[in-house]
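User: I would like to learn how to read a structure residue by residue, beginning with charge pairs and ending with backbone angles. Could you take me through it with a worked case?

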Amino acid sequence: MEKKWWQSSVVYQIYPRSFKDSNNDGIGDINGMISKLDYLDDLGIDVIWLSPVYSSPMCDNGYDISNYRDIADEYGTMDDIDRLIQEASKRNIKIIMDLVVNHTSDEHFWFKESRKSKDNPYRDYYIWRDPTDDGLVPNDIDSIFSGPAWTFDELTGQYYFHLFDRRQPDLNWENKEVRDKIYDMMNFWLDKGVGGFRMDVIDLIAKEVDRKITGNGPRLHTLLKEMNIATFGDRDVLTVGETWGATPEIAKMYSDPKRNELSMIFQFEHITIDWDEVYGKFKPKPLDMLEFKKVISKWQTELTDEGWNSLFWSNHDLPRIVSKRGDEGLYRVESAKMLATLLHFLKGTPYIFQGEEIGMTNVKFDSLEDYDDIETHNFYKKNIKDGFSHEDMMKAIWENGRDNARTPIQWDSTANAGFSSTKPWLKVNPNYKTINVELALEDDNSIFYHYKRLIALRKEMDLIVYGDFQLLLEEDPSIFAYIRSDAENKLLVVCNVTGNEIPFILPDFISPINSRLIITNYNDQPLKDIQNLRPYESFAYLI
Ligand code: TEU
Ligand code: CA
């Protein structure tokens, strides 16, 4: 496989609303991002994935776009974004944009026109169907945000289709004019010098609603090939598709370089592994660590050179990883570093979600009113109707709700965590006085410097980028250990994924003469004659 710049890159995701407020209206903005570029440069990242900053009524915080070629007033102006691209580029950082083209906002010009009449030129930009003979919804497809995927519009007596909120109508990708307009818009951004796209729910665009097919529709890969040729195909960019239903076989269809589709995808098997089959994230079950190891190992080995992995623990839809898979209390620092080590030595391109690099935690608001997220509110209503207790729902929201990731970034110990001088749009996590960027930068042993070291190591060692993966101790539920190897070297990564002391002996092939410790999360070096791993202890040896 020909080497690509994005294989040795590390991506940092910015959720604009919560990153940094520059004009003190309580909402993060583009100038706020520019003011923190030196911080990101210090961390060592190569790419910023910018969650949507386009014009939007913000019913889903920007994933409901009303104009793809304009910036939301609260985030800034087109000049600001041009400056962000330039300023980032001075620091060798590329900006990749969020491409949300499965749906638009209901306030997009296309939809406003489409609604007007059955013969409006934009009617067929969206998916409209008559009620059934009994006057009911066309079929029983459900929205991912709960409730039917169809909303009746009295004006013309038809239903329109939306896989998310009713204010996010789905575009009709069967319409060539729609596709051409999307490709034009993508070229508009590419011409500005963006480094690529993260493609929101891209596996849903080839839906066939009458056959009740939503994900992975038959024409999906034909459409992606068409998009590739019409837009980024001849440019050296990073493209990553969000694909909840991908298996390794499917991942290869997207990311095999010979197929000319995308660079890589986000798969979610390691995330949904502890979700309920019916109620999903709002009815979590205990994690089966052996299964978890199997899933990660499967993705590491099955793509071979016919595809490329993305590596991530968190994003704006997911809980904070230290709360989810580590210990947000006593061992917060150790477990956050262990999780970082585990992920960053895997094969693939790592993504860091804002705040992860300082070990930000989940938040526990007592009152439902303090939550902003549309998904949280919709599922609260639905699940209470289905018999969930208020207590159980709050527990599930505390564990898996999307606002865990969306509380403002904790920059320092001053009011509002230094995010803004006014009350932020979403409450700050009360632990900001002990967990914040300022403290992290002052402490040589902070989680921040651990991430910085992991990123630097990736730049120094091709083995981390390209080496083969092999899982060790498959049947051990407490230790996640693996080897990366190439023709010259081996890298041994050992992680205690529990808060207990676990007996462990280094394998024979490691000797003090042939190996070098390259990272650890306890200040003292693990001894060669080590007998135990301490809680969440992790380290890596280059052999
Ligand atoms: O997410 C896709 C998506 O399906 C998530 O909403 C996810 O399924 C859900 O959290 C699981 O319960 C993307 C964006 O990342 C998300 O922020 C948007 O809300 C969504 O698409 C619609 O654009
Ligand atoms: Ca602002």
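Analyst: What follows is a walk through salt bridges, a charged patch, buried residues and backbone angles in this model, which is predicted.

User: Let us begin with charge pairs; what is the general idea, and how many salt bridges does the count come to here?

Analyst: Side chains of opposite charge can pair when their charged atoms come close. In this model the count comes to 45 salt bridges. One of them joins the side chains of Glu-174 and Arg-219, with 3.3 Å from N to O, and this pair links distant parts of the chain, the two residues being 45 residues apart.

User: Where do Glu-174 and Arg-219 lie?

Analyst: Glu-174 lies in the loop between strand 8 (158-161) and helix 6 (176-191), while Arg-219 lies in the loop between strand 9 (196-199) and helix 7 (220-230). Glu-174 is partly exposed, with a relative accessible area of 45%, and Arg-219 also counts as partly exposed, at 30% relative accessibility.

User: Are the partners in a salt bridge buried or exposed in the pair of Glu-537 and Arg-534?

Analyst: It helps to look up each partner separately. The side chains of Glu-537 and Arg-534 meet in a salt bridge at 3.0 Å, N to O; Glu-537 is buried, with a relative accessible area of 0%, whereas Arg-534 counts as partly exposed at 22% relative accessibility. The label for Glu-537 follows because buried means under 20% relative accessible area. In another pair, Asp-386 forms a salt bridge with Lys-382, and the closest N and O atoms are 3.3 Å apart. Here Asp-386 counts as partly exposed at 40% relative accessibility, and Lys-382 is partly exposed with a relative accessible area of 30%.

User: Which residues are linked in a network of salt bridges?

Analyst: The network links Asp-60, Lys-281, Asp-317, Asp-373, Glu-375, Arg-402 and Arg-406.

User: Which residues gather in a patch of negative charge on the surface?

Analyst: When reading a patch, ask which residues belong to it and then where a chosen member sits. Glu-438, Glu-442, Asp-443 and Asp-444 gather in a surface patch of negative charge. Taking Asp-444 as the example, this residue lies in the loop between helix 15 (437-442) and helix 16 (447-460), and Asp-444 is exposed, with a relative accessible area of 67%.

User: The loop between helix 15 and helix 16 also holds Ser-446; is Ser-446 buried or exposed?

Analyst: Ser-446, placed in the loop between helix 15 and helix 16, is buried, with a relative accessible area of 7%. Setting aside residues up to four places away in sequence, Ser-446 touches Lys-337 and Ala-440. For a sense of distance, Ser-446 and Ser-485 are 39 residues apart in sequence and 29 Å apart in space, C-alpha to C-alpha.

User: How should I read a buried residue such as Thr-407, and what is Thr-407 in contact with?

Analyst: For a buried residue, the list of contacts shows what surrounds the position. Thr-407 lies in the loop between helix 14 (390-400) and helix 15, and is buried with a relative accessible area of 0%. Leaving aside neighbours within four places in sequence, Thr-407 is in contact with Ser-18, Met-360, Val-363, Phe-365, Leu-426, Lys-427 and Asn-429.

User: Where is the place of Met-199, and which residues does Met-199 touch?

Analyst: Met-199 has its place in strand 9 and is buried, with a relative accessible area of 0%. Not counting residues up to four places away in sequence, the residues that Met-199 touches include Leu-99, Met-186, Met-227, Phe-232 and Leu-262. The C-alpha atoms of Met-199 and Glu-74, which are 125 residues apart along the chain, are separated by 23 Å.

User: To finish with the backbone, what is phi of Lys-212, and what is phi of Asn-260?

Analyst: Here the sign of the angle is read together with the residue type. Phi of Lys-212 is near 60°, a positive value in a residue other than glycine; Lys-212 is in the loop between strand 9 and helix 7 and is partly exposed, with a relative accessible area of 47%. Phi of Asn-260 is near 55°, again a positive value in a residue other than glycine. Asn-260 has its place in the loop between helix 8 (248-255) and strand 11 (264-266), and is partly exposed with a relative accessible area of 49%.

Methods: Residues numbered from 1 in each chain as written. Chains lettered and ligands numbered in written order. Predicted model: local features only at pLDDT ≥ 70, side-chain atom pairs only at ≥ 80, totals over all residues. Heavy atoms only, no water. Patch = residues over 30% accessible without salt bridge, like charges linked within 9 Å, V, L, I, M, F, W, Y side chains within 5 Å. Areas by Shrake-Rupley, 256 points an atom, 1.4 Å probe, with all protein chains shown as cover. Salt bridge = Lys/Arg side-chain N within 4 Å of Asp/Glu carboxyl O. Lys, Arg positive; Asp, Glu negative; His and termini not counted. Charge placed at Lys NZ, Arg CZ, Asp CG, Glu CD. Helix = DSSP H or I, 4+ residues; strand = E, 2+ residues; numbered from the N terminus. Buried < 20%, exposed > 50% of the residue type's maximum accessible area, 1.4 Å probe, protein only. Contact = heavy atoms within 4.5 Å.
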